[in-house]
Amino acid sequence: MSKYSAPALEKGLDIIEYLSYKAIPQTQTEIAVGVSKSPNEIYRMLAVLENRGYLIRSTSGKYSISLKLYHISHRHSPVDSLLKVAKPIMEELSNTTNQSCHMGILYNRKLMIISQTKSPGPITLSIEEGSLFPLIKTTSGRVILAFLEQQHRDKIIKEDEDYKALSSEDQNQFLKRLDVIKTLGYELKNSEITLGVTDVGVPVGKTINGIFSVLTVSSLTSVHQENKAGEFLIESVKQAASAIDSAMKL
């Protein structure tokens with residue numbers, strides 16, 4: 001717990017975070033239940049958030065998140081600059097490989113997908129932008145961990161519930177796996193989340209300047225490092241990552 005307390009601010013943030021997870025507008029009572037407060041406790045907070053433009057209230061009295069936070073987050077966002085450069089390169093990568101690709105970053109000890117491009121073919125894999133995934137169970141997440149500074153990586157891993165659920169032997173094997181990824185500069189692995197998908201992930205940027213992400217191609221065709229398809233995907237993703245680095249002068 002922090003040694004500082006700001007109950008009103010925390011209450012407002014709880015409301016915003018709660019509504020951000022809801023797909024449909026919520027009533028005052030529903031919000032109160034969601035943030036473990038009484039309706040009277042949040043009445044003034046809802047009024048202030050609505051007045052400042054962070055919430056929108058419908059004619060039926062239900063609240064939802066406005067676009068104000070989105071606009072604020074994009075005013076001076078290094079991620080926005082990265083995406084402007086990366087998007088056309090990602091589209092070219094999808095066209096070249098005939099596969100979908102996505103870009104992810106580290107967010108709150110999770111992998112967050114910040115951009116994706118679909119395969120030009122009739123069948124494609126789509127990952128919703130803004131989605132969160134566990135680090136150790138995804139190729140992109142493992143690549144992020146492999147290239148983090150040791151101290152930062154250790155802190156994240158020790159607090160990761162999926163990692164703590166592993167046996168001591170499996171934990172050691174996982175750490176060795178991260179070392180291999182860092183040595184190779186990529187990971188090619190069957191997805192642990194989606195059956196029939198093979199992921200190839202390569203780091204983009206540098207951790208020291210805060211602009212660090214992972215570019216990943218998700219292939220619906222089973223590929224291996226030793227075959228031509230695997231070699232082609234690895235080189236294609238590496239070239240795309242290098243092109244993004246060069247364009248960003250990272």
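Glu187 is buried, because its relative accessible area is 6%, under the 20% cut-off. The model is predicted. Glu187 sits in strand β6, residues 187-190. Two arginines reach its side chain. The side chains of Glu187 and Arg142 share a polar contact of 2.8 Å. A polar contact of 3.0 Å links the side chains of Glu187 and Arg177. What else does Glu187 touch, leaving out residues up to four places away in sequence? Besides Arg142 and Arg177, the list holds Thr139, Val143, Ile181, Asp199, Val200 and Gly201.

**A second acidic residue: Asp160**

Asp160 is also an acidic residue to look at. Its place is the loop between α7 (150-158) and α8 (161-164). Is Asp160 buried or exposed? Asp160 is buried, because its relative accessible area of 11% falls under 20%. Yet Asp160 has no salt bridge. The nearest side chain of opposite charge belongs to Lys110, 6.1 Å away. That separation is why the pair does not count, as a salt bridge needs 4 Å or less between the charged atoms.

Which backbone atoms lie by the side chain of Asp160? One is the nitrogen of Asp162, 2.8 Å from a polar atom of that side chain. Another is the backbone nitrogen of Tyr163, at 3.0 Å from a polar atom of the Asp160 side chain. Elsewhere along the chain, Gly196 is 36 residues from Asp160. The C-alpha atoms of these two residues are 26 Å apart.

**Polar pairs at the two acidic residues**

| Acidic side chain | Partner | Distance |
|---|---|---|
| Glu187 | Arg142 side chain | 2.8 Å |
| Glu187 | Arg177 side chain | 3.0 Å |
| Asp160 | Asp162 backbone nitrogen | 2.8 Å |
| Asp160 | Tyr163 backbone nitrogen | 3.0 Å |

**The nonpolar cores**

The largest nonpolar core has 27 residues. Leu82, Met103, Ile114, Val204, Leu215 and Ile244 touch the most other members. Elements giving two or more residues to this core are α5 (78-97), β3 (100-107), β4 (110-117), β7 (198-206), β8 (211-219) and α10 (228-248). Helix α10 gives the largest share, seven residues.

Leu82 shows how the pieces meet. Leaving out residues up to four places away in sequence, Leu82 touches Met103, Ile114, Val204, Ile211, Ser213, Ile244 and Met248. A second core is separate and has 18 residues. Ile113, Leu145, Leu178 and Phe212 are among them.

**Two helices**

Helix α10 has 21 residues. Is its length as expected for a helix, or not? At 1.5 Å a residue, α10 should span 30 Å, and its end C-alpha atoms are 30 Å apart, so the two agree. The buried residues of α10 are Gly230, Leu233, Ile234, Ser236, Val237, Ala240, Ala241, Ile244, Asp245 and Met248. Just after α10 comes Lys249, with a positive phi of about 55°.

Helix α3 covers residues 39-51, 13 in number. The end C-alpha atoms of α3 are 18 Å apart, which agrees with the 18 Å expected at 1.5 Å a residue. Four residues in α3 are buried: Ile42, Met45, Leu46 and Leu49. What covers them? The cover includes α1 (7-20), α2 (28-34), β1 (55-57) and β2 (63-65). Gly53 follows α3, with a positive phi near 90°.

**Positive phi in loops**

Asn98 lies in the loop between α5 and β3. Its phi is positive, near 60°, in a residue other than glycine. Asn98 counts as partly exposed, because its relative accessibility is 42%. Arg109 belongs to the loop between β3 and β4. Phi of Arg109 is near 65°, again positive in a residue other than glycine. At 37% relative accessibility, Arg109 counts as partly exposed.

**The chain overall**

The protein chain holds 10 helices and eight strands. Its C-alpha atoms fill a box of roughly 65 × 45 × 35 Å along the principal axes. How much of the chain is buried? Of its 250 residues, 40% count as buried. Contacts also span the sequence. Taking contacts between residues at least 6 apart, 52% join residues at least 24 apart.

Key
Residues are numbered from 1 along each chain as its sequence is written. This is a predicted model: local features need pLDDT of at least 70, side-chain atom pairs count only at pLDDT 80 or more; totals for chains, interfaces and linings use all residues. Side-chain values use heavy atoms; hydrogens and water are left out. A nonpolar core is a set of buried Ala, Val, Leu, Ile, Met, Phe, Trp, Tyr and Cys residues joined through side-chain atoms within 4.5 Å. Buried means under 20% relative accessible area, exposed over 50%, partly exposed in between (1.4 Å probe, protein chains only). Contact means heavy atoms within 4.5 Å. Lys and Arg count as positive and Asp and Glu as negative; His and the chain ends are not counted. A polar contact is a pair of N or O atoms within 3.5 Å; within protein, one must be able to donate a hydrogen and the other to accept it, and residues adjacent in sequence count only if both atoms are side-chain atoms. The expected span of a helix is 1.5 Å times one less than its number of residues.
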